[in-house]
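Trainee: I have a new structure open and would like to go through it with you. Can we take it piece by piece?

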Amino acid sequence: MKPLLSLTGITKRYGDLTALDRVDLSVSPGEVVVLIGPSGSGKSTLLRCANALEVPDQGEVVLDGEVADPFGRNIDRVRARMGMVFQHFHLFPHKTVLENLLLAPKLVHGEDRTATAIRLLERVGVCEKRDVYPDTLSGGQKQRVAIARALIMDPVAMLFDEPTSALDPEMVGEVLAVMRSLAAEGMTMVVASHVMGFAREVAHRVLFLEEGRIVEAGTPEQMFDHPQSTRLKEFLSVVL
């Protein structure tokens, strides 16, 4: 099967620090890939390079057969087809929940997608909050709004950068439930996460990163029950 998302030889440096070192990643349509590893291992940087929020020093990103050129005319179109959900929501505080969803379709496509926005807010369970401002929402509600905001652009793939790390423990489950439903519906997803239970339950593949490299990769069963590298065994002994 031809990959929907392909990252080849991605290298990213910040001064003397090499955040990513020739990373290759291919994601098939409908596949859920979960990135695990210690803080600073390169998970977030890899996602940001995939979505052209960071420009890699070397390497290439291809989405659905189209090269994502960070300096090319197509980059806004490619980025719009790759939904991104961040750790810290990034909702516009001066706009209502509904206005947060409607802004990007209006700016990018010149379209009013109010009906779609309401349907998506219903889907993530916060439709009753559509006319309020983000500062009145809980963390879990904000993150569900952020997911709906990404989905309104009709992405072919979704990137999640530690989407539950900023949430209180009781709110984690409501966000993961939305992500599970997306996975069950066949959404292609790449998720950086510290929630090992989600990775074990939902991922088709799990990748363990450290120091900007993929150290080990495999199915959840292979990675959690039969880890091969000493470093992954050490990591799992701490987080499980």
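Trainee: Is Thr18 buried, exposed or partly exposed?
Mentor: This is a predicted model, and in it Thr18 is partly exposed, with a relative accessible area of 34%. Thr18 sits in strand E2, residues 17–27.

Trainee: What is Thr18 in contact with, leaving aside its neighbours within four places in sequence?
Mentor: Those contacts are Lys12, Arg13 and Glu211.

Trainee: And how far is Thr18 from Glu99 in space?
Mentor: C-alpha to C-alpha, Thr18 and Glu99 are 39 Å apart, with their positions 81 residues apart in sequence.

Trainee: Lys12 came up. Which residue does Lys12 form a salt bridge with?
Mentor: Glu54 is a partner, and the closest N and O atoms of the pair are 3.9 Å apart. Glu54 lies in the loop between H1 and strand E4 while Lys12 is in strand E1, so the pair ties together parts that are 42 residues apart in sequence.

Trainee: Are those two buried or exposed?
Mentor: Glu54 counts as buried because its relative accessibility is 19%, where the limit is under 20%. Lys12 is also buried, at 10%.

Trainee: How many salt bridges does the structure hold?
Mentor: There are 17. One of them joins Arg231 and Glu210, with the closest N and O atoms 2.4 Å apart. Arg231 lies in helix H9 and Glu210 in strand E9, so this pair ties together parts 21 residues apart in sequence. Salt bridges that share partners also join Lys12, Arg48 and Glu54 into one network.

Trainee: What about Asp154, which residue does it pair with?
Mentor: Asp154 forms a salt bridge with Arg113, the closest N and O atoms being 3.5 Å apart. Asp154 is in the loop between H5 and strand E7, and Arg113 is in the loop between H3 and H4, 41 residues away in sequence. Asp154 is exposed, at 51% relative accessible area, whereas Arg113 is buried, at 14%.

Trainee: Back to H1. How many of its residues are buried?
Mentor: Six of the eight, so helix H1 is largely enclosed by the rest of the structure. The six are Lys43, Thr45, Leu46, Leu47, Cys49 and Ala50. After H1 comes Ala52, with a positive phi near 65°.

Trainee: Cys49 is a cysteine. How many disulfides are there?
Mentor: Zero. Cys49 is buried, with a relative accessible area of 2%, and Cys127 is buried too, at 12%.

Trainee: Changing topic: which residues touch the most other members of the largest nonpolar core?
Mentor: That core has 52 residues, and the ones touching the most other members are Ile36, Leu121, Ile147, Met158, Phe160, Met179 and Met189. Helix H6, residues 169–184, gives the most to this core, with eight residues. Another core lies apart from it, with 29 residues, including Leu20, Val33, Leu47 and Leu63.

Trainee: What do the buried residues of H3 pack against?
Mentor: They pack against helix H4 and helix H5. Among the buried residues of H3 are Val97, Leu98 and Leu101.

Trainee: Last one. Which residues make the nonpolar surface patch of about 290 Å²?
Mentor: Val238, Val239 and Leu240 make that patch. Val238 is in helix H9 and is exposed, with a relative accessible area of 67%.

How values were computed: Residues numbered from 1 in each chain as written. Predicted model: local features only at pLDDT ≥ 70, side-chain atom pairs only at ≥ 80, totals over all residues. Heavy atoms only, no water. Helix = DSSP H or I, 4+ residues; strand = E, 2+ residues; numbered from the N terminus. Buried < 20%, exposed > 50% of the residue type's maximum accessible area, 1.4 Å probe, protein only. Contact = heavy atoms within 4.5 Å. Patch = residues over 30% accessible without salt bridge, like charges linked within 9 Å, V, L, I, M, F, W, Y side chains within 5 Å. Areas by Shrake-Rupley, 256 points an atom, 1.4 Å probe, with all protein chains shown as cover. Salt bridge = Lys/Arg side-chain N within 4 Å of Asp/Glu carboxyl O. Disulfide = S-S within 2.5 Å. Core = buried A, V, L, I, M, F, W, Y, C linked by side-chain atoms within 4.5 Å.
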